[in-house]
Amino acid sequence: LTPFERGKLLYKFSDIIEKNSNNLSYLESLDVGKPKSEAEGDINGVVNCFRYNAGAADKIEGATIPLGSEFVDYTELVPLGVTAHIVPWNFPLGMAARSLAPALAAGCTVVLKPAEQSSLSAIALGDLIKEAGFPEGVINIVTGYGEQAGSMLVNHPLVKGITFTGSVETGKIIYGNAAKGIKPVVLELGGKNPMIVFPDANISKAVDDAIDASFGNSGQVCSSSSRLFLHEDISEEFLKEFEDKALKLTVGPPEENPNLGPLASEEQYDKVMSYINQGIKDGSKLRFGGTRPNRFSKGYYVMPTLFEKVDMTTQLAKDEIFGPVAIVHNFKQEEEVIKMANAYDTGLVAGIYSENISRSLNLSRHLDFGSVWINGWFIGGLQAPTGGVKMSGIGRERGMPGIHNYLYIKNIGVHL
Ligand code: NAI
Ligand code: MG
C-alpha cells in the first residue's frame, strides 16, 4: 500500500475499534480484573493511538545530504519487515497498540503475542482486523507462553525487529536472543519511579497525583510513582492528606466499578503480598493497608498500602512491586534527593513537584530517567516519546520516534 492508503486503513481500523469499544473494554476488564471505566479509558487510548499513527503514515520522510556539486546523496526510510510485539497483561490492548500502530504506519507487518494471562482482547481484535480489510498476513496474532511462543518469535529468522514490554528479567533474555540474529529491539522494562515533593509545591495537587500514580490500575503500571520523596518540612502534612484520600478509595470486583480492582493474577497477588510481608520483617513501618480488605475472604484484592521508614537497601525500596504499594522517604537537601532518586539501576520516570520552575528544570538535568514530569504525573500521552535509561530499557515508544523504531535508513549516493 502507499503511505496514504496505509494511513486510511489505520483510520478505518481505529473507527472500527471505537465502534467495538464496549465489548473490548468488557473483555479487558474480565481478563485482568480492572474496573470497567478504567478499561474504557484504555480502549479510548487504543483508538487514539491508531489515529495518531494513521495521520503520521504519509509523513515519514528521508533527507538529502549535500556532498558537493559532483554528488547526489539522499536517504530512504525502509520498513524493517516482519516485526514481533510481545506485550504484558497490565494494559493488554494498550501496550499492543502502542507498538503495532507505529509499525503498521511504517509499513511493517506485525506478529502480536499477548501475555498468557490476558489474550481475550487480542483475539477479539483479530475479527476487527478482518473487518477493516487489512491484506492477509499484515497483522498476525499468536497466543501462547513466553518461553515457547514468545521465544520462538524472537528467534525466528524472518522476524527483523522486536518490541517487548515487561520485566527486566525477561527483557534480558529477549535482548540476549535478539543478539544472536543482530536484531534491533525496543525494550520497555519498568522501574522504581521517584516522585519528589518540595515545600513550595501545591501539596493537594501533588497528593492527588500521588494517589493516582501509586494506586491507579492497582499499581500495575510501569510508570507508577513507587517512591515518594517528601521534603521533611511538608512530609507529615502530605501524608495525612494522602492517607485520608487513600483510605477513601474503594477496592472490589470490576463490576462494582471500584477505584482499585483485584490484581491481575494469583502470581501477581502472591508477589505483592510477599513484598509487603518482607517489608514488615525488614523493619519498614506499615502506615496503612497491607492486607486484603476485610469484606473479602478470597480474591486478589490488596488495599492501598503505604510504608514509611524504609531502608534504601531493602527489596521493598529497590524492586518494582507492581501493586498498590507506595513507600516514603524523607529528604532535606536537593543533593541528597538526587542521589537517592538515582541510586538504583533502573530509570524510567521521575517527577518533581515545586512552584520554583528554575529549580525543577535544573533538577530535571540531574535525574537519570527517560522522562521527567514536573507538577503533574502521566504527562505526555500519545505524542510524547517514552522509555527508560539504564536497565529500564532501550528505545522510545510513542510520538514520531515510535515510528522510527520500525524503519532503517538506507543511504543512496550518486557520483554525477
Ligand atoms: P514478563 O516480562 O515475564 O512477561 C511479559 C511478556 O513477555 C508476556 O507476554 C510473556 O509471555 C512474555 N515472555 C515471558 N518470557 C519470555 C521469553 N523468554 N521470551 C519471549 N517472551 C517472553 O512479566 P510477568 O512474569 O508477567 O510479570 C513479572 C513482573 O514483571 C511484574 O511483577 C512486574 O514487576 C513486571 N512487569 C512490568 C511491566 C511493565 O509495564 N514494564 C508489565 C508487566 C510486568
Ligand atoms: Mg515472567
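The questions and answers below go through a predicted model, setting computed values against the cut-offs that give them their names.

Q: What makes Val87, Trp89, Glu116, Ser167 and Lys271 stand out among the residues that surround ligand 1?
A: The shell around ligand 1 holds 28 residues, and these five are the closest of them. A residue belongs to such a shell because one of its heavy atoms lies within 4 Å of the molecule. Sorted by class, the shell consists of twelve nonpolar, eleven polar and five charged residues.

Q: How do you know that Trp89 makes a polar contact with ligand 1?
A: A polar side-chain atom of Trp89 is 2.7 Å from an oxygen atom of the ligand, and a pair of N or O atoms counts as a polar contact within 3.5 Å, so the pair qualifies. Val87 meets the cut-off through its backbone, where a polar atom lies 2.8 Å from an oxygen atom of ligand 1. For Gln268, an N or O atom of the side chain is 3.0 Å from an oxygen atom of ligand 1. Around these contacts, the protein covers 91% of the 820 Å² of accessible area that ligand 1 has on its own. The elements that contribute two or more residues to the shell are α6 (146-155), β5 (159-165), α7 (168-180) and α10 (266-281).

Q: Why is a set of 44 residues called a nonpolar core?
A: The name applies because its members are buried nonpolar residues joined through side-chain atoms within 4.5 Å. In this set, the largest such core, the residues with the most contacts inside it are Phe13, Ile17, Phe50, Phe134 and Ile139. At least two residues each come from α1 (3-19), α2 (21-32), α3 (36-56), α4 (92-106), β3 (109-113) and α5 (120-132), and α4 gives the most, with ten residues. Phe13 shows how such a member is placed: leaving out residues up to four places away in sequence, Phe13 touches Phe50, Leu125, Leu128, Ile129, Ala132, Phe134 and Ile139. Apart from this core lies another, of 32 residues, which include Leu228, Ala246, Leu249 and Phe288. In soluble globular proteins, nonpolar side chains tend to be buried together.

Q: Why is Thr346 called buried or exposed?
A: Its relative accessibility is 12%, so Thr346 counts as buried, the cut-off being under 20%. Thr346 lies in strand β12 (residues 346-347). Beyond its neighbours within four places in sequence, Thr346 is in contact with Val168, Gly190, Gly191, Lys192, Phe369, Val389, Lys390, Met391 and Ser392.

Q: What makes the phi of Asn217 worth pointing out?
A: Phi of Asn217 is near 55 degrees, which is a positive value in a residue other than glycine. Most residues other than glycine have a negative phi. Lys309 also has a positive phi, of about 50 degrees, and is not a glycine.

Q: How do you know which of the terms buried and exposed belongs to Asn217, and which to Lys309?
A: With a relative accessible area of 6%, Asn217 is buried, since the value is under 20%. Lys309 has a relative accessible area of 65% and is therefore exposed, a term used for values over 50%. Asn217 is placed in the loop between α8 (203-215) and β8 (227-231), while Lys309 is placed in the loop between β10 (305-308) and α11 (315-318).

Q: How do you know that the side chain of Trp373 makes a polar contact with Ile379?
A: A polar atom of the Trp373 side chain lies 3.0 Å from the backbone oxygen of Ile379, and this distance is within the 3.5 Å limit. Trp373, in strand β14 (residues 371-374), counts as buried at 10% relative accessibility. Not counting residues up to four places away in sequence, Trp373 touches Ser223, Val349, Ala350, Gly351, Ile352, Phe378 and Ile379.

Q: What makes Ser224 a buried residue?
A: The relative accessible area of Ser224 is 7%, so the residue is buried, as that term covers values under 20%. Ser224 sits in the loop between α8 and β8, where a polar atom of its side chain lies 3.1 Å from the backbone oxygen of Val221. Leaving aside neighbours within four places in sequence, Ser224 is in contact with Asn193, Ala213, Gly219 and Trp377.

Key
Residues numbered from 1 in each chain as written. Chains lettered and ligands numbered in written order. Predicted model: local features only at pLDDT ≥ 70, side-chain atom pairs only at ≥ 80, totals over all residues. Heavy atoms only, no water. Polar contact = N/O pair within 3.5 Å; in protein donor to acceptor, adjacent residues only side chain to side chain. Areas by Shrake-Rupley, 256 points an atom, 1.4 Å probe, with all protein chains shown as cover. Helix = DSSP H or I, 4+ residues; strand = E, 2+ residues; numbered from the N terminus. Nonpolar A, V, L, I, M, F, W, Y, C, P; charged D, E, K, R; others polar. Buried < 20%, exposed > 50% of the residue type's maximum accessible area, 1.4 Å probe, protein only. Contact = heavy atoms within 4.5 Å.
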